[in-house]
Amino acid sequence: MSAPVSAFSPQTGVPLQLAPDLQLILAPNPSPMTYLGTNTYLVGHDDLMVIDPGPDDPAHLAALISAIGGRNVTHILITHSHLDHTPLARPLAQRVDAPICAFGDSRAGRSAVMQDLAIAGLAGGGEGVDMAFRPDVILTDGAVIDNEALRLTAIHTPGHMGNHLCFVRDNTVFTGDHVMGWSSSLVSPPDGDLTDFMASCHKLSAITAKRYYPGHGAPIDDPKGRLTWLIGHRQQREVQIVAALGAGPLDVGELTRAVYADLAPGLLIAAERNIFAHLVDLVARGIVAAVPELRLTARFQQVGDLETSNLL
């Protein structure tokens, strides 16, 4: 018997019924970056769409095949190609004979500044990037995925990753890692871009929704409130960064220690990546300068005034 959504206590590999035509299968990959694990969604009744198959784990594949049963899978949809979301896509596709649909490979959707950082040798952080990922079908912004029984719309929401998509169905949105209730989304250059992340938050705010289904953690029943919090949280963080730079130039490590209080050692790298993401955005806006150039090893100094007028 499925647990109620309000409790949100999914057991690994056991289908959790979220709605009459929606099940969640929790992958066995809990961590500080993935919370309880990756949420794989089965959408539909007889004809299914699978959203985010998850990590390359035989037990999770077996759980998905069991939950699917004899039903027909028409599409495998990918929100983004981090290692906790996509490696199982190809093994699942081979078992159920369905196409893998995504915005593109792991380099797709990167902004020009992120491409430059990648060429300069900056590697991604966080959950890890699935560089082997290749979709069968490319979904552009606004693309409709339709199997006659279901209709979802792909919305390109770069920020957490350049190829990140959300999927809209009626008044619900599958938000991947862009919006989660348990944590703010990691933005780790060159795969994550804070300028894009903020723009995507505003883009989502224009879509009327009653519930978000994230890639990790429980459903979100106040989408507007959560978006407002996410934007406010990022704006507060940039205020802290600029204030710290008011005392003089600092590097990323020094800024991280100045901004984050009582940070657990295991989260230091992720925190540094988040700080760097803010710095990239602040440099682009002319508020901060990087010396000698925009790199993770640069020192940063304040050169302009901070504007915080983008609240929803």
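How far is the sulfur of C166 from the closest cysteine sulfur, and in which residue does that sulfur lie?

**Figure 1. The surroundings of C166 in the predicted model.** The closest cysteine sulfur to that of C166 belongs to C201 and lies 9.3 Å away, which is too far for a bond, given that a disulfide is a pair of cysteine sulfur atoms within 2.5 Å. C166 has a relative accessibility of 0% and therefore counts as buried.

**Figure 2. The surroundings of C201.** Viewed from C201, the closest cysteine sulfur is the one in C166, and the 9.3 Å between them is too far for a bond. C201, with 0% relative accessibility, also counts as buried. A search of the whole structure accordingly lists 0 disulfides.

**Figure 3. The fold as a whole.** The protein contains 7 helices and 15 strands. Its radius of gyration is 20 Å, close to the 20 Å given by the globule rule for 312 residues, so the protein is as compact as a globular protein of that length. The C-alpha trace spans about 65 × 35 × 35 Å along its principal axes. Among contacts in the protein with a separation of 6 or more, 64% are made by residues 24 or more positions apart.

**Figure 4. Interior, surface and charges.** Of the 312 residues in the protein, 55% are buried, while the protein exposes about 12,800 Å², of which carbon and sulfur atoms supply 53%. The protein carries 20 positive and 32 negative charges, and the mean positions of these two sets are 1 Å apart.

Key. Residues are numbered from 1 along each chain as its sequence is written. This is a predicted model: local features need pLDDT of at least 70, side-chain atom pairs count only at pLDDT 80 or more; totals for chains, interfaces and linings use all residues. Side-chain values use heavy atoms; hydrogens and water are left out. Helices (H or I, at least four residues) and strands (E, at least two) are DSSP runs, numbered from the N terminus. The radius of gyration is taken over C-alpha atoms; the globule rule is 2.2 Å times the number of residues to the power 0.38. Buried means under 20% relative accessible area, exposed over 50%, partly exposed in between (1.4 Å probe, protein chains only). Contact means heavy atoms within 4.5 Å. Accessible areas come from the Shrake-Rupley method with a 1.4 Å probe; for residues, only the protein chains shown count as cover. Lys and Arg count as positive and Asp and Glu as negative; His and the chain ends are not counted. The place of a charge is taken as NZ of Lys, CZ of Arg, CG of Asp or CD of Glu.
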